[in-house]
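Hi,

Here is the structure I said I would pass on to you. Have a look at it first, and then read my notes below.

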Amino acid sequence: MGQAVAGPAWPIAEKLRQGSALSAAELEHLVRHRTPELAEYLAEAARAACEAVYGDALFARGLIEISNFCRNDCYYCGIRRGNRSVARYRLAPEEVLACADEGWRAGFRTFVLQGGEDAALTDAWLCAVVGALKAAHPDCAVTLSVGERSPASYRRLRAAGADRYLLRHETATASHYRQLHPRPLTLEARMACLQALREAGFAVGAGFMVGSPGQTAAHLAADLAFVQQFRPEMCGIGPFVPHHATPFAAQPAGSVELTCYLLSIIRLMNPAVLLPATTALEALDPEGRARAVRAGANVVMPNLSPPAVQGSYQLYDNKPAGGEAAQQLWDALALKARGWGKRLVEDRGDPAPAPAGGSSLVGAPVSADALALDAAPVPADAPAPVGGSASVSTGATASIATSAAPSSPDSISPCPKEA
Ligand code: SF4
């Protein structure tokens, strides 16, 4: 361990390093008083904490972007419903499986099926795809990232064989959530989904943007307090990166340095957390993922989607869409991993049990105390929702085996429908 670092946040950083839970006030102090020296100190401690649990393994997740249709209009998102310039697509199940097959041959043992909140992604469709993928590759884990659904839907997806589910909370402060999302999306609904996912038996991934419009140090402290209490098995955080066709087009991007600092804090809060070096970091800094790994990240998520659609899943500007083959991606990452002091492993990369002596808050349910569920009015500067639905092309039609459970009316929670 390096030398002690002086500064107003030092005692709190040391408390964190020693495994103690921090109060929201302490977390805010830590966020406010970041210095390069403190960041380096925490990064070194975070790397050590990660290695104590996972050794030098770097886990790869093959990302397959299955649909860019979405009924929602999140103000920051490039594939929001109101962006009429997006060429909409939906992969056929056979295409999803072909991507996974190619990824498996390259070495990937986890596949992340990600999409917008697309009404065509019914329980039946998703269960059939998950079931077929698990049948073809029983040594692989399947992660879903398809947004807010009902508890019954989550249970069906879990029963079909999905192992993990990513659903970023984005911000744990209700008034800030309102600045980022138009009604009827609410923080309470998002948190209820995270709780339902845990109850369904998923390994759960939460996460948030760093530097999103309107964000303050207090908001970030609330995010950290939530992560500390809920203890998600995965935590995806990345800098906000503006997209030119959203209401936030002119907003400044988030900070790579602050994102890496927060990664270190989250790693120290929960040494067993699976922490991706997100592609949003790379959109801002070619060395962004390397810096994240140095700060305690241990997961990468290269894009295995068909090259023809990668450019249509632009959540933010400059999102990498290289279209390389899975084997090329794997080989390049293996090389980079060595440079980062890591070893890219052919492994599912399941969450490890938390080491003994950690916080007693493992897997705690979401409590109102952990959340800044304030009742602040909608800020005057919140962008007005963009009305109307996207002009969409016809996506491919599912034609895979139909042995999965039938979809039901509650397969998708109440949300605005495409007009
Ligand atoms: S962030 Fe997700 S839910 Fe929101 S508009 Fe984009 S794809 Fe849809």
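To start with the overall make-up, the chain has 14 helices and nine strands. Keep in mind that this is a predicted model. Of the 419 residues in the chain, 54% are buried. If you take the contacts with a separation of 6 or more, 82% of them are between residues 24 or more positions apart.

Now for the sheet. Six strands form an open sheet with parallel pairing, in the order β2-β3-β4-β5-β6-β7. At its edges you will find β2 (62–67) and β7 (234–239), each of which pairs on one side only. Going from one strand to the next, the twist averages 20°. As a bit of background, the strands of a sheet pair through backbone hydrogen bonds, and they can do so parallel or antiparallel.

I spent some time on β6, which covers residues 203–210. Seven of its eight residues are buried, so β6 is largely enclosed by the rest of the structure. On one side, three bridges join β6 to β5 (residues 164–166), and these two strands run parallel. If you want to trace that pairing by eye, tyrosine 165 stands opposite valine 204 in β6, and leucine 166 stands opposite glycine 205. Strand β6 is also joined to β7, this time by six bridges, and that pair runs parallel too. There, alanine 206 stands opposite cysteine 235 in β7.

Next, the core. In soluble globular proteins, nonpolar side chains tend to be buried together. In this model the largest nonpolar core has 131 residues, and Leu42, Ile64 and Ile265 are those with the most contacts inside it. Which helix gives the most to this core? That would be α3 (residues 36–54), with 10 residues. Leucine 42 is a good place to zoom in: leaving aside residues up to four places away in sequence, it touches Ala13, Tyr261, Ser264, Ile265 and Leu268. Notice that Ile265 turns up in that list as well as among the core residues with the most contacts.

Last, the ligand. Which residues surround it? They are Cys70, Asn72, Cys74, Cys77, Ile79, Arg80, Gly116, Glu117 and Gly147. Sorted by class, this shell has four nonpolar, three polar and two charged residues.

Happy to go through any of this with you.

Cheers

Terms used: Residues numbered from 1 in each chain as written. Predicted model: local features only at pLDDT ≥ 70, side-chain atom pairs only at ≥ 80, totals over all residues. Pairing = 2+ DSSP bridges. Helix = DSSP H or I, 4+ residues; strand = E, 2+ residues; numbered from the N terminus. Axes fitted to C-alpha atoms, helices over the stretch in contact; angles between N-to-C directions. Core = buried A, V, L, I, M, F, W, Y, C linked by C-beta atoms within 7 Å. Buried ≥ 20, exposed ≤ 12 C-beta atoms within 10 Å, placed from the backbone. Contact = placed C-beta atoms within 7 Å. Near = placed C-beta within 6 Å. Nonpolar A, V, L, I, M, F, W, Y, C, P; charged D, E, K, R; others polar.
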